[in-house]
Amino acid sequence: MELHEIPNIPEILDTETAKRIKSWPHPNNRASEAGHPCVRFLVLSRTSNELKILHDVGLQRIFDEGNLHEDALMREMQDAGLRVIEQQRAYEWKKFQLTGRIDGKLPVDSSRIPLEIKSSSPNVFAAICELAPIDMLKSKFSWIRKYPAQMLLYMLMEGAEYGLMIFKNKTTGEKVQKIFRLEGELLEYAESILKKLETVNAHIDEGTCPDAALIDDCKGCAFCKTACFPGADYGPGIDILQDPDLEAKLDRRGELEAGAKEFDALDKEIKEGFKGRPGAVVGPWLIESSKHGRRGVDLPPDIKKQYEKITEYWITKIGRL
Ligand code: SF4
C-alpha cells in the first residue's frame, strides 16, 4: 500500500457536509424564524429564497453537531424513563400562514406539554442559563428572542398552557430547562409576533416588501449583500458571518471592555505609587515591589541598521459597527 492510498477522511467528510448546505424555499411563515425582528427578512425568506447567501461548511458542521446532540438528548430522556410523544409533529396555522415542526410533547397528567430541544455552545449556554423565559424575550439579542417566539407559537397552535425548552451545553453535557406559561408578558409577546406575521402576510398578498433599514441583525443576515445593501463592503475579504457562538463571545467581550479598562487604569495607578517602595499590606491585600534590571545593548545607529530585520505579525482590531 502506498501512502497516497490512505484516504483523507476529514476531506471526504467535509465534502459530504457541504452537500447538506441548502436553503429550501418555503411558502409559509416558519415558527423558528418568526421572532426575527425584520419584516423585510420574513417577507424575503418567503419570496426570494434564491437571494439568500448560503452558510459555509464550518457552520454546517456546527448545525450537524447540534442535531446529533439534540437526538442524543432525546434518547437520554427516554432512557431515563421520560416518554416523549408526537416527535417531529408538523403544525400548520392557516390563518397566519404559519408552519412549524415540534421536537415532541411530554405527557404530564392529562396535559401534553410542547417540548423543544436546543443544543448550544458553552458561551451561548452560559448566556441562556441565567435567563428566565420573560428575560429571554427582553434580550437585546434577537437570536435569544427567537426561542420564546418559536415555543409560544407552538403553544398557541397546540392550545397548551405550558411549554418546555431544554438547552444542552454541547461541551459539558449540562442541561437547563425553561418553562413557558402562556400568560402576562409572554402572551403579549406571542400576540405581537402574530401581528407581525399579519404584516408579513399582507406584504405577500400585495406583492410588496418593506424597504431595508439597517439594524443590528443586518450584520449576519443572509440577504444583506444581495437584496438589501448590495454595495455595502467592509473591506476586501471581509465576510458577513452568521456565527452565534462568535457573536456571543464578541458581545461578552464588549460587556467586559469597560471593566477591563478600569482595571488597567487602577492597576497602573497603584503600581506607579509603589515605585521605589518595598510594598505594603493594605486590608486583605499584599503589595510587593522590587527593582529589576533589563539587559540591553546600545549600538550606534549604522551598526544597528545592519542587523535590522522585519518580523511579520497580525493586528486584529475589534470595534462596533
Ligand atoms: S439585511 Fe437587514 S434589512 Fe435586510 S432583510 Fe436582513 S435584517 Fe432585514
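In the hairpin of β8 and β9, G283 adopts a positive phi near 55°, and 2 residues lie between the strands. The model described here is predicted, with local features requiring pLDDT of at least 70, side-chain atom pairs counted only at pLDDT 80 or more, and totals for chains, interfaces and linings drawn from all residues. Residues are numbered from 1 along each chain as its sequence is written. Strand β8 (residues 279-282) and strand β9 (residues 285-288) run antiparallel and are joined by 4 bridges; two strands are taken to pair if DSSP finds at least two bridges between them. Within this hairpin, V282 stands opposite W285 in β9.

Stepping back to the whole chain, the secondary structure comes to 10 helices and 9 strands. Helices (H or I, at least four residues) and strands (E, at least two) are DSSP runs, numbered from the N terminus. The radius of gyration of the chain is 27 Å, well over the 20 Å that the globule rule gives for 321 residues, so the chain is more spread out than a compact globule. Here the radius of gyration is taken over C-alpha atoms, and the globule rule is 2.2 Å times the number of residues to the power 0.38. The C-alpha trace spans about 80 × 60 × 55 Å along its principal axes.

A second hairpin opens the description of the sheets. β4 and β5 are separated by 2 residues in this hairpin, and D109 in the turn has a positive phi of about 50°. The two strands, β4 and β5 (residues 111-120), pair in the antiparallel sense over 5 bridges, and L106 stands opposite I113 in β5. Both belong to an open sheet of 4 strands in the order β4-β5-β6-β7, with mixed pairing. Its edge strands, each pairing on one side only, are β4 (104-108) and β7 (175-181). On average, neighbouring strands of this sheet are turned by 30° against each other, direction ignored. Further into the sheet, β5 and β6 run parallel and are joined by 6 bridges, with K118 standing opposite F167 in β6.

Two helices lie across this sheet. Helix α4 (residues 122-129) crosses β5, β6 (162-169) and β7, and runs at about 140° to β6. Helix α6 (residues 142-158) also lies across β5, β6 and β7, running at about 160° to β5. For such angles, axes are lines fitted to C-alpha atoms, for helices over the stretch in contact, and angles run from 0 to 180 degrees between N-to-C directions. Residues are in contact if their C-beta atoms, placed from the backbone, lie within 7 Å.

Another open sheet has 3 strands in the order β1-β3-β2, again with mixed pairing. Its edge strands are β1 (29-30) and β2 (89-93), each of which pairs on one side only. β2 and strand β3 (residues 98-102) run antiparallel and are joined by 5 bridges; R89 stands opposite I102 in β3.

Turning to helix packing, helix α1 (residues 9-19) and helix α3 (residues 57-79) meet at an angle of about 85°, their axes 9 Å apart. α1 and α3 are therefore roughly perpendicular to each other, a class that covers 65 to 115 degrees, with angles under 35 counted as roughly parallel, over 145 as roughly antiparallel and the rest as oblique. From α1, D14, T17 and A18 meet V57, Q60, R61 and D64 of α3. The residues of this contact divide into 2 nonpolar, 2 polar and 3 charged. In this scheme Ala, Val, Leu, Ile, Met, Phe, Trp, Tyr, Cys and Pro count as nonpolar, Asp, Glu, Lys and Arg as charged, and the others, Gly among them, as polar.

Finally, the ligand is surrounded by 13 residues, of which C38, F41, C218, C221 and C228 come nearest. The elements giving two or more residues to this shell are α2 (39-47) and α8 (224-228). A residue is near a molecule if its C-beta atom, placed from the backbone, lies within 6 Å of it. The largest share, 3 residues, comes from α2. By class, the shell has 11 nonpolar, no polar and 2 charged residues.
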